[in-house]
Amino acid sequence: MRRLWLIFAQAVTVSVAVLFVLNTLKPEWLRQATPAAVVAILEAPAGAEPAPAAGSYAPAAQRSMPAVVHIFTTKGGRGQRHPLFDDPLFRHFFGERPDSAPSESGLGSGVIVSPDGYVLTNNHVIETADAIEVALNDGRKFAARLVGRDPETDLAVLHIDGADVLPAITFPAADSLAVGDVVLAIGNPFGVGQTVTMGIVSALGRSQLGINTFENYIQTDAAINPGNSGGALVNSAGSLVGINTAIYSRSGGSLGIGFAIPVSIARDVLEQIVATGEVVRGWVGVEIQDLTPELAASFGYRDASGALIAGVLRGSPADRAGVRPGDVLVALDGETVRDPRAMLDMVAALPPGKRAVFRVRRGAEELDLDVAVGRRPVPQGAR
């Protein structure tokens, strides 16, 4: 038995020695041969860019995402001061209480529309902010200043000072958006980071929603959530077609009904604010309402087209021109007025000081009244 054990030990020792020598001098002899491939697979060369999948919107997203920014706002507050802090003896033992309470913070999105650093966003994102910070998709952060805002369309323009050339989004050559077009919504929902969602244009020209004074929204089912406000709605080419603004929701989350301000309105507001710091609109000083079939019948009118003048402000341009409550505006400078919303937009587009011809229906006759357009008052707190 002892002899067998010695033979076994010597054999193991010799084997280990041989393996050591082979591993030192000829390690390739010990490597396991790579098995032959069962299927011949063609691999792309190292560094080759993969082609987008058919139907992918990755190129559009990649073109527009760098221009969409996160906006962080802070607002300082003042806490209620307890009467004891007015007592000198109390302050001597317990010290002074800071006047300012912890600041409140908010977040939203914005779109860089110029390499010079101009950013479009929603007015409600920044309207109460004391400080604004913009974070780019590449991680850079900059302080931003407010150039101007327009509460009546819920748009605001910021400027990033001291930054190098910034990635700017492209504008479409023409406003050719149609119902059924594919769109991407880009923003920072709930602060989770930049997110892209896809949907279609569900409707155009949405108004009378009670969101803003001037409404002409794009409706989309692309998911828009809190934090997306001020972000970009882009088409399949990556060009800006709208500024995401609001959602219809009973839960606070997306239900597939989102609204965006068309790029045509956003561009007009942007150019006016950059040029003058504010948006100037026409005004005539009337209160208008829908002319329902019932109201039309009560006035003895055969149809319900036009805008009913429900009230006229004393001393306003309309008052001086002879417009009266009960008149129905049917045309403005020869262009038919379909409803109150159309009239509001048409009057707002007139430059202050221009003289416009208002054709009104009064009883059984129609009159042409010459109105000197005034300037629409700036909403309180807009400056």
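Asp327 touches several residues that lie further than four places from it in sequence: Ala307, Leu308, Ile309, Gly322, Val360, Arg361 and Arg362. The model is a predicted one. In it, Asp327 sits in the loop that joins helix 7 (317-321) to strand 16 (328-332). Is this residue buried or exposed? Asp327 has a relative accessibility of 2%, and buried means under 20%, so Asp327 counts as buried.

The side chain of Asp327 has two polar partners to look at. One is Arg362, already named among the contacts of Asp327; here the two side chains make a polar contact at 2.8 Å. The other partner is the backbone nitrogen of Arg324, which the side chain of Asp327 reaches at 2.9 Å.

Now turn to another part of the chain. Six strands form a closed barrel, in the order 7-8-9-12-11-10, and their pairing is antiparallel. From one strand to the next, the twist averages 45°.

One pair in this barrel can be followed by residue number. Strand 11 covers residues 240-247 and strand 12 covers residues 258-262; the two pair in the antiparallel sense over five bridges. Which residue of strand 12 is the bridge partner of Ala246? That partner is Phe259.

A helix belongs to this picture too. Helix 5, residues 263-276, packs on the sheet and touches both strand 11 and strand 12. The direction of helix 5 makes about 50° with that of strand 12.

Conventions: Residues are numbered from 1 along each chain as its sequence is written. This is a predicted model: local features need pLDDT of at least 70, side-chain atom pairs count only at pLDDT 80 or more; totals for chains, interfaces and linings use all residues. Side-chain values use heavy atoms; hydrogens and water are left out. Helices (H or I, at least four residues) and strands (E, at least two) are DSSP runs, numbered from the N terminus. Buried means under 20% relative accessible area, exposed over 50%, partly exposed in between (1.4 Å probe, protein chains only). A polar contact is a pair of N or O atoms within 3.5 Å; within protein, one must be able to donate a hydrogen and the other to accept it, and residues adjacent in sequence count only if both atoms are side-chain atoms. Contact means heavy atoms within 4.5 Å. Two strands pair if DSSP finds at least two bridges between them. Axes are lines fitted to C-alpha atoms, for helices over the stretch in contact, and angles run from 0 to 180 degrees between N-to-C directions.
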